[in-house]
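Biologist: Could you bring the model up on the screen, so that we can go through its charged side chains together?

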Amino acid sequence: MKTTNEIEKQLELKANKYLEEKAKEMFEIHREIARFLGGSLPNHMNYVTDFSKYNSEIQADRHNHFKSISPSALERKYEIELHKTYKERIVRKYTKELLEKVAIF
């Protein structure tokens with residue numbers, strides 16, 4: 001029988017896998033657009049560093065809030081952001097689903 005720590009680790013691994021898949025799906029949009037344009041991914045991709053500052057700037061100064069990143073680093077960035085935003089909530093959801101399945105009542 002598995003301990004609660006082992007079960008929790010398994011649920012976290014399941015959440016990690018789910019978020020990794022979603023990050024890959026997000027990144028694949030870049031690849032799809034590049035193919036649509038008849039080429040491959042650019043060497044560097046741009047992203048907004050601070051959206052609130054970008055959004056509040058006048059149009060002419062918005063370029064100051066972009067950074068450049070390699071495609072592989074951008075895919076990892078997506079994964080990190082998804083983990084930071086959703087991992088805890090996904091593990092809670094998986095835990096709740098598991099408890100509902102094993103309910104004896």
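Biologist: Is E25 buried or exposed, or somewhere in between?
Modeller: This is a predicted model, and in it E25 has a relative accessibility of 43%, so it counts as partly exposed, since that class runs between 20% and 50%.

Biologist: And what does its side chain pair with?
Modeller: The side chain of E25 meets that of K22 in a salt bridge, with an N to O distance of 3.3 Å. K22 and E25 are both in helix 1, which spans residues 4-36, and they sit 3 residues apart, about one turn of the helix. K22 is likewise in the partly exposed class, because its relative accessibility is 27%.

Biologist: OK, switching to E75, which residue does it bridge to?
Modeller: E75 forms a salt bridge with K24, and their closest N and O atoms are 3.8 Å apart. That pair links distant parts of the chain, with E75 in helix 3 (residues 71-102) and K24 in helix 1, 51 residues apart.

Biologist: How accessible are E75 and K24?
Modeller: E75 counts as partly exposed at 23% relative accessibility, and K24 is partly exposed as well, with a relative accessible area of 45%.

Biologist: What about R92, where is its partner?
Modeller: R92 forms a salt bridge with E88, the closest N and O atoms being 3.2 Å apart, and both residues lie in helix 3, 4 residues apart, about one turn of the helix. R92 is partly exposed at 49%, whereas E88 counts as exposed because its relative accessibility of 61% is over the 50% cut-off.

Biologist: Last one, how many salt bridges does the structure hold?
Modeller: The structure holds 7 salt bridges, among them K22 with E25.

Methods: Residues are numbered from 1 along each chain as its sequence is written. This is a predicted model: local features need pLDDT of at least 70, side-chain atom pairs count only at pLDDT 80 or more; totals for chains, interfaces and linings use all residues. Side-chain values use heavy atoms; hydrogens and water are left out. A salt bridge is a side-chain nitrogen of Lys or Arg within 4 Å of a carboxyl oxygen of Asp or Glu. Helices (H or I, at least four residues) and strands (E, at least two) are DSSP runs, numbered from the N terminus. Buried means under 20% relative accessible area, exposed over 50%, partly exposed in between (1.4 Å probe, protein chains only).
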